[in-house]
Amino acid sequence: MDIRDKQILSIALPSIVSNITVPLLGLIDVAITGHLGASAYIGAIAVGGMLFNIIYWMFAFLRMGTSGMTSQAFGARNLTEVVSVLLRAVIVSLSISAVMLCLQLPIRELALAIISPSEDVARFTCEYFNICIWGAPAALGLFALTGWYIGMQNSKIPMVVAITQNVSNILISLVLVYLFDMSIEGVALGTVIAQYIGLGVAVLLLFKNYYRLRRYFCRKVVLTQASLLKFFLLNKDIFLRTCCLILVHFFFISAGAKQGDTELAVNTLLMQLFTLYSYIMDGFAFAGEAMVGKAIGSQSRGIYDDTIKRLFCWGGGMVLLFSALYLFGGRPFMALLTDDAKVLDMAMTYQPWTILFPICGVGAFIWDGVYIGATATKGMLISMATGMAMFFLLYFTLVPVLNNHGLWIAFVAYLTTRGVVQTIMRKRVWKVV
């Protein structure tokens with residue numbers, strides 16, 4: 001195995017292990033609520049989970065931007081900037097979370113007004129939201145720390161943090177739901193407690209492994225208006241790109257909710273399969289962020305080109321693996337998540353779209369990692385905006401005729417478009433820096 005492959009796997013595999021705990025957590029939440037006796041519980045987890053995905057995705061630059069800037073500073077051996085990037089990201093994350101806590105009521109009501117779920121789903125979603133919002137400081141703080149660790153070519157610490165957090169979440173949720181009869185409130189409270197456990201572990205490991213970097217701390221560099229302005233300018237495109245992503249996913253869930261609780265439950269199950277694949281592929285994207293950023297920081301064009309080539313080789317392997325997995329194991333997998341025969345039978349009519357997830361999404365995931373590492377944020381924004389336009393074009397054209405199948409066609413086309421546009425723009429990435 002080539003040294004570059006070993007470097008990719010040294011970053012990707014721990015990232016995959018940590019990432020896989022996230023969709024597994026989502027699957028456990030769906031499985032817990034799916035056996036509580038009503039499809040409205042599954043719908044509430046879908047809507048509530050989507051709300052927090054949207055909220056946190058809006059500030060994804062705290063992870064992605066931090067990763068790209070840190071890896072480039074690390075490649076250039078600028079350790080003062082390495083430390084400064086982390087501190088800026090943490091300061092911004094805590095400031096944003098404070099605002100979110102102050103505005104939690106209008107955020108919740110606006111979101112529910114837009115989604116318009118059924119009365120039962122809305123009631124359970126409110127219960128979930130009112131508890132989970134208090135985990136925002138921990139969640140956003142972990143974004144900053146995780147991005148910094150990846151930029152430092154260290155995905156093992158995020159793996160330890162993620163495993164600790166998500167195993168704690170699963171265990172606490174199970175105890176609260178089945179021993180204390182807390183239903184959806186137990187799932188939410190388990191999430192919040194585990195988020196703070198994860199943050200605590202991340203901070204402890206930061207001091208244990210990187211305390212020596214304290215000598216490179218320079219308050220003037222961290223807190224000057226110019227440095228903070230640069231931080232936000234570099235992440236502006238990521239923020240706008242994330243808004244486009246949020247709009248697509250928000251509209252997708254909302255469209256499913258308007259078709260009825262059963263369709264919403266079906267789409268939730270199918271989206272768990274996409275989420276599982278996406279978190280696996282994010283492991284290779286994270287490797288791209290770290291290695292591409294380091295190669296650019298050290299001005300090593302040969303390493304840059306070779307890294308991209310090998311990332312796509314690994315991505316192709318994942319396409320074959322997951323397409324086969326979803327073809328032959330789709331029904332048994334979804335049967336683990338719900339015992340509702342009506343929901344399961346309907347979900348199987350959409351199996352072809354699950355097989356297309358890996359094929360159509362591989363380009364978007366791999367290129368995202370490359371673009372983030374290169375801080376080529378304008379290209380990411382253009383590809384996402386184009387993919388969003390394709391989604392809505394097909395949605396309004398096909399859904400009136402094909403109903404929920406039209407919704408899934410639009411989603412698959414959105415993934416494909418992102419990868420195609422980024423491939424077309426690939427030659428500009430190195431020139432950005």
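**Packing exercises**

Leaving out residues up to four places away in sequence, Y304 touches V292, A295, I296, V370, R426, V429 and W430 (contact: heavy atoms within 4.5 Å). You're working with a predicted model, where local features need pLDDT of at least 70 and side-chain atom pairs count only at pLDDT 80 or more, while totals for chains, interfaces and linings use all residues. Numbering starts from 1 along each chain as its sequence is written, and side-chain values use heavy atoms, with hydrogens and water left out.

**Exercise 1. The cores**

Find the residues with the most contacts inside the largest nonpolar core, and name the helix that gives the most to this core.

- Step 1: Get the term straight: a nonpolar core is a set of buried Ala, Val, Leu, Ile, Met, Phe, Trp, Tyr and Cys residues joined through side-chain atoms within 4.5 Å. Buried is under 20% relative accessible area, exposed is over 50%, and partly exposed is in between (1.4 Å probe, protein chains only).
- Step 2: The largest nonpolar core has 127 residues, and M100, F284, Y304, V370, F391, W408 and F411 have the most contacts inside it.
- Step 3: Helix α12 (residues 261-297) gives the most to this core, with 20 residues. Helices here are DSSP runs (H or I, at least four residues), numbered from the N terminus.
- Step 4: Apart from this core lies another, of 19 residues, including F74, Y149, V161 and V201.

**Exercise 2. Three helix pairs**

Describe how α12 packs with α15, α3 with α11, and α11 with α16.

- Step 1: Two packed helices are described by the angle between their axes and the distance between the axes. The axes are lines fitted to C-alpha atoms over the stretch in contact, with angles from 0 to 180 degrees between N-to-C directions.
- Step 2: α12 and helix α15 (residues 351-373) pack at about 25°, with axes 7 Å apart. So α12 is roughly parallel to α15 (under 35 degrees is roughly parallel, over 145 roughly antiparallel, 65 to 115 roughly perpendicular, and the rest oblique).
- Step 3: The crossing of α12 and α15 is right-handed; that is, the near helix is turned clockwise from the far one by less than a right angle, while anticlockwise would be left-handed. The residues of the contact of α12 with α15 divide into 16 nonpolar, seven polar and two charged (Ala, Val, Leu, Ile, Met, Phe, Trp, Tyr, Cys and Pro count as nonpolar, Asp, Glu, Lys and Arg as charged, and the others, Gly among them, as polar).
- Step 4: Helix α3 packs with helix α11 (residues 225-258) at about 130°, axes 9 Å apart, so α3 is oblique to α11. The crossing of α3 and α11 is right-handed.
- Step 5: From α3 the contact takes F61, M64, G65, T66 and M69, and from α11 it takes F231, L234, N235, I238, F239, R241 and T242. By class, the contact of α3 with α11 has seven nonpolar, four polar and one charged residues.
- Step 6: α11 and α16 pack at about 20°, with axes 8 Å apart, and are therefore roughly parallel to each other. Their crossing is left-handed, and the residues of the contact of α11 with α16 divide into 19 nonpolar, one polar and four charged.

**Exercise 3. Buried or exposed?**

Sort R63, S18, A287 and F328 by accessibility, and place each in its helix.

- Step 1: R63 lies in α3 (residues 61-75). R63 counts as buried because its relative accessibility is 12%. Its contacts, neighbours within four places aside, are F143, T146, G147, I150, F286, E289 and I372.
- Step 2: S18, in helix α1 (residues 3-34), is buried at 5%. Beyond four places in sequence, S18 touches P158, M159, A162 and N166.
- Step 3: A287 sits in α12 and is buried at 0%. A287 and I11 are 276 residues apart in sequence but 5.3 Å apart in space, C-alpha to C-alpha.
- Step 4: F328, in helix α13 (residues 301-335), counts as exposed at 69%.

**Exercise 4. Two loop residues**

Where do Q153 and T375 lie?

- Step 1: Q153 is in the loop between α7 (136-151) and α8 (156-178). Though not a glycine, Q153 has a positive phi of about 65°.
- Step 2: T375 is in the loop between α15 and α16 (377-402). T375, not a glycine either, has a positive phi of about 50°.
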